[in-house]
Amino acid sequence: MIIKNADVFCEDGGFRTKDICTDGERISSFSDSDEILDAQDCYAVPGLIDIHFHGCVGYDFCDGTEKAIREIASYEAENGVLAICPATMTLPEETLMTIAEAAAAYQGDSGADLVGINMEGPFINEAKKGAQNPAYIHKPDVEMYERLQKASNGLFKLVDIAPETEGAMEFIRQVKDEAVISIAHTAADYDTAVKAIENGVSHVTHLYNAMPGYSHRAPGVIGAACDHGLDVELICDGIHIHPSAVRTTFKMFGDDKIILISDSMMATGMEDGTYQLGGQDVKVVGNLATLAEGGAIAGSATNLMDCLRTAVKAMGIPLNSAVKCATENPAKSIGIYDSYGSISEGKYANVVLLDKDLDIKAIIKKGKILKQN
């Protein structure tokens with residue numbers, strides 16, 4: 001097809017009015033197709049990529065079934081998220097093994113592409129467990145990781161770790177060339193975080209959440225990440241981080257290093273009520289999800305497209321920066337930028353058309369119209 005007259009998000013970070021041509025599943029430089037999609041007055045952005053979320057529409061990735069993955073992938077695609085790297089939770093190894101095997105067996109092709117798994121837990125610090133189940137916290141274990149990675153057929157792209165825990169530095173050194181190592185659910189101070197970076201950490205999970213705050217005498221993980229240019233995840237759901245802190249983070253890190261994530265759980269796309277996350281009850285009211293016991297924030301009830309809208313419309317983040325942080329940056333972080341993350345010749349023709357209010361007008365996945373309003 002030919003998508004005409006759209007304001008296209010380009011690799012240089014700007015928008016330009018031009019046509020997008022597709023040849024089968026990929027973007028091409030030319031098309032003589034008579035299938036024309038007029039995108040006048042629309043932005044054309046790459047399909048979004050969520051590298052940290054847990055579920056939606058009543059399903060959790062940790063259900064460990066192909067049906068759950070399929071339902072999650074369908075919802076995400078219908079909301080403009082066309083590639084997903086869902087996260088596990090702090091669970092027993094046998095449960096994580098079931099999840100890994102289900103992901104490896106998954107063959108879906110109609111919803112968002114399953115491009116990886118984010119291993120959030122069990123290698124975390126109980127003092128900063130957040131909504132993770134403390135009963136299954138485990139010290140960093142390379143052999144355990146390798147068993148799970150083998151069962152997943154290599155799908156684990158991110159592994160989260162608290163670097164101050166016993167054996168963490170050795171784990172980082174051994175695994176850093178196989179997966180992205182991310183600091184998460186941690187009480188680490190600045191010096192410990194720097195040591196972890198020197199050993200191979202390159203990423204921070206949901207910046208600010210489940211870690212010590214940044215202060216002038218104790219900059220902690222946040223200061224170390226800024227000093228050393230790490231990729232950092234940011235939840236812009238309007239609940240997890242104050243808009244001023246989001247704006248400040250963009251000034252500190254720049255839009256080259258920030259990755260927008262949703263951290264959504266199974267209540268996303270559902271009515272208010274009680275749901276599950278990692279085997280624990282979660283009360284959801286509006287966009288706020290909290291553990292029924294203890295009240296800790298338990299993921300979000302917001303998809304990534306809504307997070308992008310919130311970042312732009314309620315937090316003052318420029319549209320081009322928000323789009324980059326939800327497409328190009330996550331693709332680069334997990335090594336899939338050769339096929340995803342930009343509207344460029346040779347990549348998958350994954351395109352979302354948004355009107356000037358950022359409402360979805362059409363979704364094109366691998367060259368086919370998935371949805372049109």
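Modeller: Before we start, a quick definition: a residue is called buried when its relative accessible area is under 20%, exposed when it is over 50%, and partly exposed in between. Keep in mind too that this is a predicted model.

Colleague: Got it. So is Val-57 buried, partly exposed or exposed?

Modeller: Val-57 is found in the loop between β7 (55-56) and β8 (59-60). Its phi is positive, about 40°, although it is not a glycine. Its relative accessibility is 22%, and the middle class runs between 20% and 50%, so Val-57 counts as partly exposed.

Colleague: And what about Asp-263, buried or exposed?

Modeller: Asp-263 has a positive phi as well, near 50°, and is not a glycine either. Look for Asp-263 in the loop between β16 (258-261) and β17 (273-277). With 6% relative accessibility, under the 20% cut-off, Asp-263 counts as buried.

Colleague: Why do you bother pointing out a positive phi or a cis bond? And which peptide bond is cis here?

Modeller: Most residues other than glycine have a negative phi, and most peptide bonds are trans, so the exceptions catch the eye. For the cis bond, go to the loop between β11 (117-119) and α3 (142-151), where Pro-122 lies. Omega is near 15° for the cis bond, which runs from Gly-121 to Pro-122.

Colleague: How many disulfides does the whole structure have?

Modeller: Let's try Cys-307, which is buried with a relative accessible area of 0%. Its sulfur is 6.8 Å from the closest cysteine sulfur, in Cys-236, and a disulfide needs the two within 2.5 Å, so that pair is too far for a bond. Cys-325 is also buried at 0%, and its sulfur sits 8.5 Å from its closest partner, again in Cys-236, too far for a bond. A search of the whole structure gives the number of disulfides as zero.

Colleague: How do helices α2 and α3 lie, roughly parallel or roughly perpendicular?

Modeller: Helix α2 (residues 93-105) packs against α3 with the axes 8 Å apart and an angle of about 30°. Angles under 35 degrees fall in one class, so α2 and α3 are roughly parallel.

Colleague: Which residues of α3 make that contact, and how many of the residues in it are nonpolar?

Modeller: On the α2 side you have Glu-93, Leu-96, Met-97, Ala-100, Glu-101 and Ala-104. The α3 side gives Met-144, Arg-147, Leu-148 and Ala-151. By class there are three charged residues, no polar ones, and the number of nonpolar ones is seven.

Colleague: Which residues have the most contacts inside the largest nonpolar core?

Modeller: In soluble globular proteins, nonpolar side chains tend to be buried together. Here the largest nonpolar core has 100 residues. Leu-260, for example, touches Ile-49, Leu-234, Cys-236, Leu-304, Leu-308, Ala-322, Cys-325 and Ala-326, leaving out residues up to four places away in sequence. The residues with the most contacts inside the core are Phe-171, Leu-234, Leu-260, Met-265 and Leu-308.

Colleague: What do the buried residues of α5 pack against?

Modeller: In α5 (residues 190-199), the buried ones are Ala-193, Val-194, Ala-196, Ile-197 and Asn-199. Just after α5 comes Gly-200, with a positive phi of about 135°. The buried residues of α5 pack against α4 (168-175), β13 (180-183) and α6 (220-228).

Colleague: Last one: what separates the C-alpha atoms of Thr-310 and Asn-320?

Modeller: Thr-310 is in helix α8 (residues 304-313). Setting aside neighbours within four places in sequence, Thr-310 is in contact with Cys-236, Asp-237, Gly-238 and Met-315. Asn-320 is 10 residues from Thr-310 along the chain, and their C-alpha atoms are separated by 14 Å.

Notes. Residues are numbered from 1 along each chain as its sequence is written. This is a predicted model: local features need pLDDT of at least 70, side-chain atom pairs count only at pLDDT 80 or more; totals for chains, interfaces and linings use all residues. Side-chain values use heavy atoms; hydrogens and water are left out. Helices (H or I, at least four residues) and strands (E, at least two) are DSSP runs, numbered from the N terminus. Buried means under 20% relative accessible area, exposed over 50%, partly exposed in between (1.4 Å probe, protein chains only). Axes are lines fitted to C-alpha atoms, for helices over the stretch in contact, and angles run from 0 to 180 degrees between N-to-C directions. Angles under 35 degrees count as roughly parallel, over 145 as roughly antiparallel, 65 to 115 as roughly perpendicular and the rest as oblique. Contact means heavy atoms within 4.5 Å. Ala, Val, Leu, Ile, Met, Phe, Trp, Tyr, Cys and Pro count as nonpolar, Asp, Glu, Lys and Arg as charged, and the others, Gly among them, as polar. A nonpolar core is a set of buried Ala, Val, Leu, Ile, Met, Phe, Trp, Tyr and Cys residues joined through side-chain atoms within 4.5 Å.
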